[in-house]
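Thanks, everyone. Let me show the model first, then walk through its contacts.

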Amino acid sequence: MIAMILAAGLGTRLKPWTDAHPKALAVVNGKPVLQRNIEYLQHAGIKRVVVNVHHFADQIIAAVEANNGWGSEVLISDETDEVLETGGGIKKAVPLFGDDKDVLVMNADILTDMNLQAFMQTHANTKADATLAVSNRSSSRCFLFDAQQQLVGWRNKNTGETKLPVATDTPIEKSFSGIHIINESIFRHMPFEGKFSMVEVYLQLCATHRIQSFDHSGSQFIDIGTMEKLAQAADMFND
């Protein structure tokens with residue numbers, strides 16, 4: 001399986017680091033988070049990785065080249081002209097995925113010890129169109145699932161805004177971890193062009209495609225969105 005690390009974002013919450021650097025090169029105990037996630041993928045046998053770039057793209061490309069991809073084959077998806085958000089970035093990179101039928105996608109600014117092998121095996125066993133890593137942690141936005149772990153909607157818990165394309169009496173809230181496996185069947189039916197979010201893709205397709213959850217509650221996980229979170233990550237991931 002090939003993977004894609006989403007590293008094009010501006011990282012505005014991670015200032016002042018992102019005033020001069022991309023968030024993917026923020027350092028946790030001597031290692032950029034991009035390196036940590038490439039090595040994390042290697043432990044699951046994934047050694048071909050697409051990285052999309054926009055904000056300080058030259059720094060990411062230089063780091064990848066200087067370190068020989070940290071032991072992986074790293075392909076660059078260039079978004080320097082315009083950042084395309086999660087969905088647009090993935091759609092632009094599809095030609096780089098080659099013959100792989102499934103792609104594991106993860107955000108560059110997260111760290112976790114979730115069992116990737118179990119995640120990949122669950123996706124393969126269920127033959128899902130997409131499998132979303134989720135947990136019970138607190139989050140302002142969440143996906144909604146039915147009792148069979150199938151995606152039915154999305155909710156902003158701060159505003160109460162709810163989108164429920166599939167009618168369900170008691171939808172179950174789960175926080176998305178920014179890691180998903182996407183089958184080519186999703187790529188063929190992406191209903192948008194240019195800049196768009198994968199959340200909107202999943203909400204458009206969940207009534208007709210098998211989009212399921214993989215709950216990894218109990219795993220270590222952190223979203224390195226702020227300098228405070230970056231400091232916390234150093235306590236959690238000290239290898």
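Start with the cysteines. The sulfur of Cys 142 lies 14 Å from the closest cysteine sulfur, that of Cys 206, which is too far for a bond. Cys 206 is likewise in no disulfide. The count of disulfides for the structure is zero, where a disulfide is a pair of cysteine sulfur atoms within 2.5 Å. Cys 142 is buried, at 2% relative accessible area. Cys 206 is buried too, at 7%. On terms: buried is under 20% relative accessible area, exposed is over 50%, and partly exposed is in between, with a 1.4 Å probe and protein chains only.

Some ground rules. This is a predicted model, so local features need pLDDT of at least 70 and side-chain atom pairs count only at pLDDT 80 or more, while totals for chains, interfaces and linings use all residues. Residues are numbered from 1 along each chain as its sequence is written, and side-chain values use heavy atoms, with hydrogens and water left out.

Next, aromatics. How many aromatic pairs does a search of the whole structure find? Six. Rings of Phe, Tyr and Trp (its six-membered ring) pair if their centres lie within 6.5 Å; planes under 30 degrees apart are stacked, over 60 edge-to-face, the rest tilted. One of the pairs is Phe 143 with Tyr 202, edge-to-face, 6.5 Å centre to centre and 70 degrees between the planes. Phe 143 is in strand 9 (residues 141-145) and Tyr 202 is in helix 6, so the pair ties together parts 59 residues apart in sequence. Helices (H or I, at least four residues) and strands (E, at least two) are DSSP runs, numbered from the N terminus. Both rings belong to buried residues: Phe 143 has 2% relative accessible area, and Tyr 202 has 1%. Phe 143 and Tyr 202 also sit in one aromatic cluster with Phe 145 and Phe 176.

Now salt bridges. The structure holds 15. The criterion is a side-chain nitrogen of Lys or Arg within 4 Å of a carboxyl oxygen of Asp or Glu.

Helix 6 comes back here. Lys 163 and Glu 200 meet in a salt bridge, 3.1 Å from N to O. Lys 163 is in strand 11 (residues 162-163) and Glu 200 in helix 6 (residues 198-205), 37 residues apart. Lys 163 is partly exposed at 29%, and Glu 200 is partly exposed at 30%. Lys 163 has another contact: its charged end sits over the ring of Trp 154, 5.5 Å from the centre. That label needs NZ of Lys or CZ of Arg within 6 Å of the ring centre and within 35 degrees of the ring normal.

Second bridge: Arg 155 to Glu 173, closest N and O atoms 2.7 Å apart. This one links strand 10 (residues 151-156) to strand 12 (residues 172-183).

Third: Asp 100 to Arg 48, at 3.0 Å. Asp 100 is in the loop between helix 3 (85-93) and strand 6 (102-107), and Arg 48 is in strand 4 (residues 48-53), 52 residues away. Both are partly exposed, Asp 100 at 22% and Arg 48 at 30%. Shared partners join Arg 48, Glu 73 and Asp 100 into one network.

Last stop, helix 1. Is helix 1 largely enclosed or open? Nine of the eleven residues of helix 1 (residues 33-43) are buried, so the rest of the structure largely encloses it. Among the buried ones are Arg 36 and Glu 39. After helix 1 comes Gly 45, with a positive phi near 85 degrees.
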